[in-house]
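Below are my notes on the model, set out as numbered points. Please read them alongside the sequence and coordinates.

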Amino acid sequence: MARAPRAATSHADIPLEAAPVTAPLAGAPVRQTNLWKDAWYRYIRNRAAVVAGAVFVLLLLYCLIWPAVSPYDPNDVDFSQAREMPSLEHPFGTDTFGRDLFTRTALGGRISIGIGFAATLVILAIGVAYGSLSGFVGGRLDNGMMRFLDALYGLPYLPFAIITLAVIGDSGFWSLVIALSIASWLTTARIMRGQVMTLKQNDYVRAAHVVGARRHRVLMRHILPNTLGILVIAVFLELPGVILGEAFLSFIGLGIGPPDASWGSMAQEGYKVYRVFPLLIIIPSVAIATLILCANFIADGLRDALDPRTRET
Amino acid sequence: MTTFVLRRLVWTVPVILLVILLTFLLMRQIEGNPFRTSERAIPESIQQNLEEKYGLDDPWYVQYLRYVKGVFTLDLGPSLVLRNRDVNDIVREHFPPSLELGALAMLFALVFGVPLGMLSALRANTFFDYGAMFVSNVGFAIPSFLVATLLIYFFALEWGDIFGLPTSGWDTWQSKVLPTIALGLGPMAYFARLTRGSMLETMQQDYIRTARAKGLRWRRVVVVHTLRNSLIPVVTAAGPILGFLITGSFIIEQIFAIPGIGRYYVTAVTGRDYSVVMGLTVLLALIVIVANLVVDILYGFLDPRTRDARA
């Protein structure tokens with residue numbers, strides 16, 4: 001889904017906490033620990049999340065490295081080898097132009113995942129700025145900003161992405177990043193606001209105010225660092241929506257066009273010939289599905305690891 | 001409760017105005033207009049006359065106010081590209097299929113997703129649960145264009161003789177089966193996961209233990225105490241998803257050649273048919289707003305605590 005449902009934001013109202021320290025055995029040295037180390041131990045105990053993380057990293061490495069070491073030129077047209085089924089030489093087969101699909105899928109992945117991460121970072125940047133300002137200042141400004149946010153929830157996501165692309169006038173990498181993030185930062189802003197408002201109540205924040213710390217220092221030094229856990233989770237919550245959005249736009253012909261390829265535009269090419277050679281649409285779609293599946297499991301694992309109180313049963 | 005609903009209704013008016021304003025301002029940034037394209041060499045004087053006729057030479061706020069007046073009197077103006085057709089005609093013709101598709105997909109998702117999630121929760125950590133959750137996780141991750149293509153490939157072509165389902169169109173009930181499943185599968189998987197998680201959480205609440213301790217039959221505990229409370233997150237999610245299904249079915253409409261609004265929308269954007277794009281965007285925004293409104297009101301019924309907070 002393009003937007004996480006509002007219910008999900010309720011998790012954010014619960015502050016991060018260090019894990020309960022288990023009583024050390026008599027005589028054993030006390031294990032030095034901190035939030036991130038604890039989170040790591042909790043994460044690696046979640047088998048699904050570990051597998052998803054490993055597959056995710058492998059997929060990233062494949063997309064980054066394989067095009068450079070592949071024996072095939074991804075744009076090399078050779079009609080004598082068109083539409084071959086998978087073999088040892090071509091693990092994913094070849095496309096209509098005889099290009100090696102294993103190499104092209106890696107290249108498409110670079111663009112799809114690149115747009116995914118870039119748009120996610122833009123979404124987080126806007127969301128953090130908007131949400132923390134609203135939550136930290138509070139009062140009337142907060143009220144106004146939240147009403148504005150409510151109004152923006154009325155914007156239909158895909159139509160707005162399409163209009164944005166038309167406004168920019170082309171559909172390159174960064175145009176897609178802007179189009180995909182322009183109407184998707186709302187949930188992140190809401191989560192951030194909730195988190196900042198909760199953190200604001202903590203004694204150490206009051207203490208910082210009392211000793212005379214300036215407001216921006218309190219925000220930067222005492223509040224924002226504590227939202228890092230939520231933000232790490234948010235990366236993997238936003239990523240699937242953005243990647244699917246890019247695939248949709250490219251599929252209806254408004255995204256990445258030839259000679260460049262993303263997984264969405266590869267699927268579009270494959271769709272044209274699905275009756276005779278379905279492999280061409282299946283491979284990029286399965287790549288998208290794998291990535292999204294991994295991101296979902298990683299997000300679940302991270303939530304359990306970083307925010308144990310909201311652990312799903 | 002009445003004041004809550006009323007306040008919520010009144011609040012939608014500024015929301016609609018703001019959404020129209022944002023769409024309007026964004027649309028104005030698009031380079032060129034349909035009368036100033038290179039392929040149609042129209043003399044300068046005629047261009048001016050045309051722009052005058054459609055009011056494109058007025059200041060932007062005049063155009064905006066004229067447009068807002070149009071929206072509230074249900075007149076979305078003429079198409080700038082197709083002569084003799086106005087946006088109302090296009091909406092009347094292309095909106096019903098989109099609305100029907102979105103509603104059918106939503107129905108499909110709820111009817112299959114919620115029970116699947118419930119059964120999984122009631123049989124947590126059994127083989128059935130693992131299977132259902134595996135299907136849900138995969139179903140949620142597969143892009144809808146692959147689902148649509150595979151459905152056509154198998155149920156309309158390979159085994160077409162057995163099922164007799166057409167590959168495209170939107171006239172007979174048979175032609176509506178595959179698009180509904182293709183669009184509804186993702187949300188179905190999502191509802192299943194959501195329902196399962198929420199039910200498991202509810203079943204750990206103290207009031208469930210109380211209900212069981214006072215000797216209520218298990219069936220009653222599940223139906224009356226667990227289900228109602230665990231459906232709250234489902235209702236919350238349903239609003240945005242319904243909006244998304246009606247406004248985001250571009251791909252399904254394209255693949256199944258359904259004469260809906262999504263297919264028309266893309267054509268209108270690339271053809272710079274401002275008034276059509278404006279009209280359709282405002283319409284889609286209205287749907288999202290109404291869906292969210294209905295959810296908020298339902299939410300108020302299901303969970304009285306939220307009435308004051310969300311009004």
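1. Of the contacts in chain B that link residues at least 6 apart in sequence, 74% are between residues at least 24 apart. The model is a predicted one, and this figure should be read with that in mind.

2. Chain B contains 15 helices and zero strands. Its C-alpha trace extends over about 85 × 55 × 30 Å along the principal axes. Of the 311 residues in chain B, 39% are buried.

3. The interface brings 45 residues of chain B into contact with 40 residues of chain A. On the chain B side, at least two residues each come from helix H1 (2–28), H5, helix H6 (144–158), helix H8 (174–203), helix H11 (232–247), H12, H13 and helix H14 (274–302). The most is given by H11 of chain B, with eight residues. By class, the side of chain B that touches chain A comprises 31 nonpolar, twelve polar and two charged residues.

4. Two residues of chain B deserve a look at their backbone angles. B:Asn125 is not a glycine, yet its phi is positive, near 65°. This residue sits in the loop that runs between helix H4 (87–122) and helix H5 (127–141) of chain B. B:Asn125 counts as exposed because it has 8 C-beta neighbours inside 10 Å, and the cut-off for that class is 12 or fewer.

5. The second is B:Ala257, also a residue other than glycine, with a positive phi of about 50°. B:Ala257 lies in the loop between helix H12 (250–255) and helix H13 (261–270) of chain B. Is B:Ala257 exposed or only partly exposed? With 15 other C-beta atoms within 10 Å, B:Ala257 is partly exposed, since a residue is exposed at 12 or fewer and buried at 20 or more.

6. On confidence, chain A has a mean pLDDT of 80, with 85% of its residues at 70 or more. Among the elements of chain A, the lowest mean pLDDT (80) belongs to helix H1 (residues 35–45) and the highest (90) to helix H3 (residues 101–137).

7. Which part of chain A has pLDDT under 50? Residues 1–19 of chain A stay under 50 throughout. For this segment the model nevertheless has 50 contacts beyond four places in sequence. Any discussion of those contacts should state that pLDDT for residues 1–19 of chain A is under 50.

Key:
Residues numbered from 1 in each chain as written. Chains lettered and ligands numbered in written order. Predicted model: local features only at pLDDT ≥ 70, side-chain atom pairs only at ≥ 80, totals over all residues. Helix = DSSP H or I, 4+ residues; strand = E, 2+ residues; numbered from the N terminus. Contact = placed C-beta atoms within 7 Å. Nonpolar A, V, L, I, M, F, W, Y, C, P; charged D, E, K, R; others polar. pLDDT = per-residue confidence, 0-100.
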